[in-house]
Amino acid sequence: MGIKDLLLATRVAEPGVPLAPFLVLVLRAILSRVTFIVDTVMVQFVLPFFTPLFDSKLSGRTYLRTTGHYLNVSVFVMGEQKLLLPGAKRRGEGNRSLSPPTVPGEKVIYLTNHRSWGDFFIDLFLVEFQGAYLSRWAVFAVLPIACAVSWLGRQGLVIFFARKKSNVDKNALLKLLDRHFEVSMNGGLIVYPEGTRNQRPYSNPVKFGLIKYAYTRRIPCQVMISEGKERVWNEKIFATRLDKRVTVMYGKPMYPEDYATLEEFVEKFKESWYNAWATVYGFPTSEALEAAKPFLSLPSDMDLSPESAAKRRRQARRYKLQGVAPLHKHSPSAGSVVLDIWRGGVLLLVVIATLRLVS
């Protein structure tokens, strides 16, 4: 294997792009890995300890918002459809509520694509911080501190479930979801129907367990397909912040009461899911197009090539998070300042004790 083949295999270089001098490519690879390590340490160890200084309620929402700002994420929206927030009054397609829910019981399930670990920071931006994640316990082993802050906070941003060998304890999972919607102030739930990470430009086969749950519980759903999350954070190639742009497309809200049967509701989900994939990514192969064609309802003259999809993404509009309150609504009181100083002292003692133990 030559140097060029080695660089292509390790994704340091890209196919079809003239190779720069060898040392420049090696330096690029080293800097990319160093950036990944620094960002991992910041997200995993530093930001979780500093978050309580800005939020007396130890809100996981504040931690994930801070992480998103640290990674410098920029969100762009394709199409005219807007995000459906929990508790939004139904006044026709595209309407929304700019106020976060104030009581438990307001529900929405967001069905989105899973690209990388960066999804756990970015998808919350895309639903305006009004959602919780459904995740396997295995993620806790990968991001223990981040998951602990999100799980233990009052907002309930992570719902963990356990798999028994290759299956999920469905009854336990359903009870867990019912409990979440009953007590949590986060009425949204972010779900990955593909069930695993997928960085290909077309969908994996989807699972319909949560679609059936939403129909039986009469919970509104919305498809949300995004592109670019794996360039913000990509654990597969040990790289972060290759790009800060994330493009998202929201499907039309789906209300279970509008469909007489579960089968009709599932078919509507498939239509919304594959239409969004086609609009955002296009179809790189004829096989991918043939697999999705039965569910597409896009204009017949619409160009579904990857090049046209990339052009549509470039034309997307910048998205402002209108429904999110600032970190500090009012000037800090004397009591809050004293509390922040106390927390800072405790944090400093923890850092000193840790360094002494390490040394």
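**A tour of salt bridges and a helix contact**

Begin by selecting Glu227 and Arg231, whose side chains meet in a salt bridge with N to O at 2.8 Å; bear in mind throughout that this is a predicted model. Glu227 counts as buried, at 7% relative accessibility, whereas Arg231 is partly exposed, with a relative accessible area of 26%.

Keep Glu227 selected and add Arg313, with which Glu227 forms a salt bridge whose closest N and O atoms are 3.4 Å apart. Glu227 belongs to strand β8 (residues 221-227) and Arg313 to helix α12 (residues 306-314), so this pair ties together parts that are 86 residues apart in sequence. Arg313 also counts as buried, its relative accessibility being 16%.

Move next to helix α10 and select Lys268 and Glu271, which both lie in that helix, 3 residues apart, or about one turn. Their side chains meet in a salt bridge at 3.6 Å, N to O; Lys268 counts as partly exposed at 26% relative accessibility, and Glu271 counts as partly exposed at 26%. Returning to Glu227, one can add Asp243 to the selection, since salt bridges with shared partners join Glu227, Arg231, Asp243 and Arg313 into one network.

Finally, display helix α8 (residues 209-217) together with helix α10 (residues 262-281), which pack at an angle of about 125° with their axes 10 Å apart. That angle makes α8 oblique to α10, and α8 passes α10 in a right-handed crossing. To see the contact itself, select Ile211, Lys212 and Tyr215 in α8, which meet Leu262, Phe265, Val266 and Phe269 in α10; the residues of this contact divide into 6 nonpolar, no polar and 1 charged.

Conventions:
Residues are numbered from 1 along each chain as its sequence is written. This is a predicted model: local features need pLDDT of at least 70, side-chain atom pairs count only at pLDDT 80 or more; totals for chains, interfaces and linings use all residues. Side-chain values use heavy atoms; hydrogens and water are left out. Axes are lines fitted to C-alpha atoms, for helices over the stretch in contact, and angles run from 0 to 180 degrees between N-to-C directions. Helices (H or I, at least four residues) and strands (E, at least two) are DSSP runs, numbered from the N terminus. Angles under 35 degrees count as roughly parallel, over 145 as roughly antiparallel, 65 to 115 as roughly perpendicular and the rest as oblique. A crossing is left-handed if the near helix is turned anticlockwise from the far one by less than a right angle, and right-handed if clockwise. Contact means heavy atoms within 4.5 Å. Ala, Val, Leu, Ile, Met, Phe, Trp, Tyr, Cys and Pro count as nonpolar, Asp, Glu, Lys and Arg as charged, and the others, Gly among them, as polar. A salt bridge is a side-chain nitrogen of Lys or Arg within 4 Å of a carboxyl oxygen of Asp or Glu. Buried means under 20% relative accessible area, exposed over 50%, partly exposed in between (1.4 Å probe, protein chains only).
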